[in-house]
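Hi there,

Here is the structure I said I'd pass on. Have a look at it first, then read my notes underneath.

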2 protein chains.
Amino acid sequence: MQGNLRRSQSERREQTQRALVSAARALFAEKGFAGTSTPEIVTAAGVTRGALYHHFADKLALFEAVVEEEHLLVSMSINAAESDEEPGPIKALLAGCDAFLNAMQDSGRRQIMLIDAPAVLGRAKVDEIDARHGMETLVCGLRDAMDAGALRKVPVEALAQLFGAMFDRAALAAPEDVADYRKSIKALIRGLKA
Amino acid sequence: MQGNLRRSQSERREQTQRALVSAARALFAEKGFAGTSTPEIVTAAGVTRGALYHHFADKLALFEAVVEEEHLLVSMSINAAESDEEPGPIKALLAGCDAFLNAMQDSGRRQIMLIDAPAVLGRAKVDEIDARHGMETLVCGLRDAMDAGALRKVPVEALAQLFGAMFDRAALAAPEDVADYRKSIKALIRGLKA
DNA sequence: CCATATTATGTACATACCGTATGTATTTTA
DNA sequence: TAAAATACATACGGTATGTACATAATATGG
């Protein structure tokens with residue numbers, strides 16, 4: 001009963017890891033980190049806890065893998081949306097904001113990235129993670145806008161963090177309020193014009 | 001051995017509740033919600049778990065009490081600072097921001113209010129809690145500024161949430177970066193001038 | 001003032017989860 | 001093909017949480 005399903009180690013590895021991360025992402029999304037047990041996860045993934053603890057140091061490491069993947073998906077989604085044309089740095093900023101809010105439509109994604117991640121991984125880790133993803137492009141966008149004279153000169157890193165915080169909050173707003181948030185953000189950006 | 005320490009029920013009640021909340025606040029501040037066990041808490045408080053579960057439905061309810069008290073302390077601290085004079089609504093806003101950042105100096109307070117609370121209680125509960133405390137004054141301040149013609153007209157509720165998000169992020173910044181955050185916030189507010 | 005009800009607190013227990021240790025199977029390597 | 005390495009499964013210990021039950025302390029009413 002082993003002939004037909006002979007897999008290489010890297011195949012086995014990748015398959016079970018993917019199964020684990022996928023199942024974990026679904027459960028974390030639905031019930032949060034604390035509300036999800038490792039027995040649940042491995043059952044959903046069709047493996048045992050032994051496999052989990054072979055591939056991941058602990059429940060936290062698995063969660064981190066989930067968060068990492070989610071960040072990747074978000075930044076890909078944003079990059080895909082923004083690449084078109086560039087009718088000015090401020091328009092680009094607004095477009096980036098919209099792309100982010102779009103990517104954050106998924107409530108499980110909000111739970112994982114915005115609610116649980118800071119508490120579970122710590123803010124330092126979260127900062128490190130999204131410094132590696134979306135933050136960079138945001139900072140660059142702001143810096144370019146300032147160098148081009150479109151935006152007032154302000155400490156970019158801090159400003160980017162502040163925008164990030166606003167975007168996160170807007171993403172968590174009730175659907176019927178999103179328009180208001182967007183309007184306010186727009187006004188704030190417009191107000192920064194040089 | 002009971003004569004000299006005879007206490008009324010309400011006294012007993014208040015004393016043990018205070019002991020529990022106080023001990024819990026210290027431990028949650030130091031080690032976070034998940035990293036703190038109820039045995040630890042009751043030991044520090046000098047009671048037993050039976051007392052805890054008599055006065056609080058569960059560990060979560062105790063945490064909620066801690067958060068509630070912390071919010072109260074913060075809003076008191078802010079109100080105490082702002083009452084002096086009013087050299088204009090924008091100055092008042094900046095002053096309020098500074099007062100908040102000052103109140104948030106305590107790292108345990110940051111852990112409880114900004115890191116753990118959203119994940120443990122859920123964002124809806126957190127919103128409800130600080131709608132009852134600082135948010136109200138912030139909204140009023142903004143509305144007054146708009147009505148006075150000092151600020152551009154923007155959806156106030158949303159704007160207040162965005163400012164709240166920025167203040168929270170600024171409070172979590174590394175101490176050496178706070179000045180940059182403050183500068184950026186100032187620029188954002190200035191930009192909103194009508 | 002006493003008996004009883006009510007409230008506060010303490011103890012014991014059942015359940016669940018996490019991480020580890022150990023054992024087994026599968027794949028790679030020599 | 002034998003041995004080493006890797007992947008996976010099972011069993012266990014320790015600890016935490018919430019509850020059920022028992023005891024002690026206060027309040028209440030006759």
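Below is what I found, starting with the record and then moving to the DNA and one helix.

One thing to keep in mind: this is a predicted model.

**What the record says**

An unreviewed UniProt entry puts "domain: HTH tetR-type" at residues 14-74 of chain A. In the model that stretch is 80% helix and 0% strand, with its end C-alpha atoms 22 Å apart. The UniProt record, also unreviewed, gives residues 37-56 of chain A as "DNA-binding region". Those residues are 75% helix and 0% strand, and 15 Å separates their end C-alpha atoms.

**DNA strand C**

Which residues come closest to strand C? They are T38(A), R49(A), Y53(A), T16(B) and H55(B), out of 22 residues that surround the strand. Sugar or phosphate makes up 72% of the strand C atoms within 4 Å of the protein, and bases make up the rest. You can find some of the phosphate contacts yourself: a polar side-chain atom of T38(A) sits 2.3 Å from a phosphate oxygen, and one of Y53(A) sits 2.4 Å from a phosphate oxygen. From chain B, the side chain of H54(B) has an N or O atom 3.1 Å from a phosphate oxygen of this strand.

Both chains take part here: α1, α2 and α3 of chain A and α1 and α3 of chain B each give at least two residues to the surface near strand C. The largest share, four residues, is from α1(B). By class, that surface has three nonpolar, 11 polar and eight charged residues.

**DNA strand D**

Strand D is surrounded by 23 residues, and the closest are T16(A), H55(A), T38(B), R49(B) and Y53(B). Of its atoms that come within 4 Å of the protein, 71% are sugar and phosphate. T16(A) has a side-chain N or O atom 3.0 Å from a phosphate oxygen, while Q9(B) uses a backbone N or O atom, 3.2 Å from a phosphate oxygen. R49(B) goes to a base: a polar atom of its side chain is 2.4 Å from a base nitrogen of strand D. Near strand D, I count four nonpolar, 11 polar and eight charged residues.

**A helix to look at**

Now turn to α8 of chain B, residues 134-147. Its 14 residues span 20 Å from first C-alpha to last, close to the 20 Å expected at 1.5 Å a residue. Its buried residues are M135(B), L138(B), V139(B), L142(B), A145(B) and M146(B). They lie on the same side of α8(B) because they cover an arc of only 130° around the axis.

Cheers

Technical notes:
Residues numbered from 1 in each chain as written. Chains lettered and ligands numbered in written order. Predicted model: local features only at pLDDT ≥ 70, side-chain atom pairs only at ≥ 80, totals over all residues. Heavy atoms only, no water. UniProt positions renumbered as here; feature names shortened; annotations may be inferred. Near = heavy atom within 4 Å. Polar contact = N/O pair within 3.5 Å; in protein donor to acceptor, adjacent residues only side chain to side chain. Nonpolar A, V, L, I, M, F, W, Y, C, P; charged D, E, K, R; others polar. Expected span 1.5 Å × (residues − 1). Buried < 20%, exposed > 50% of the residue type's maximum accessible area, 1.4 Å probe, protein only. Arc of directions from axis to C-beta.
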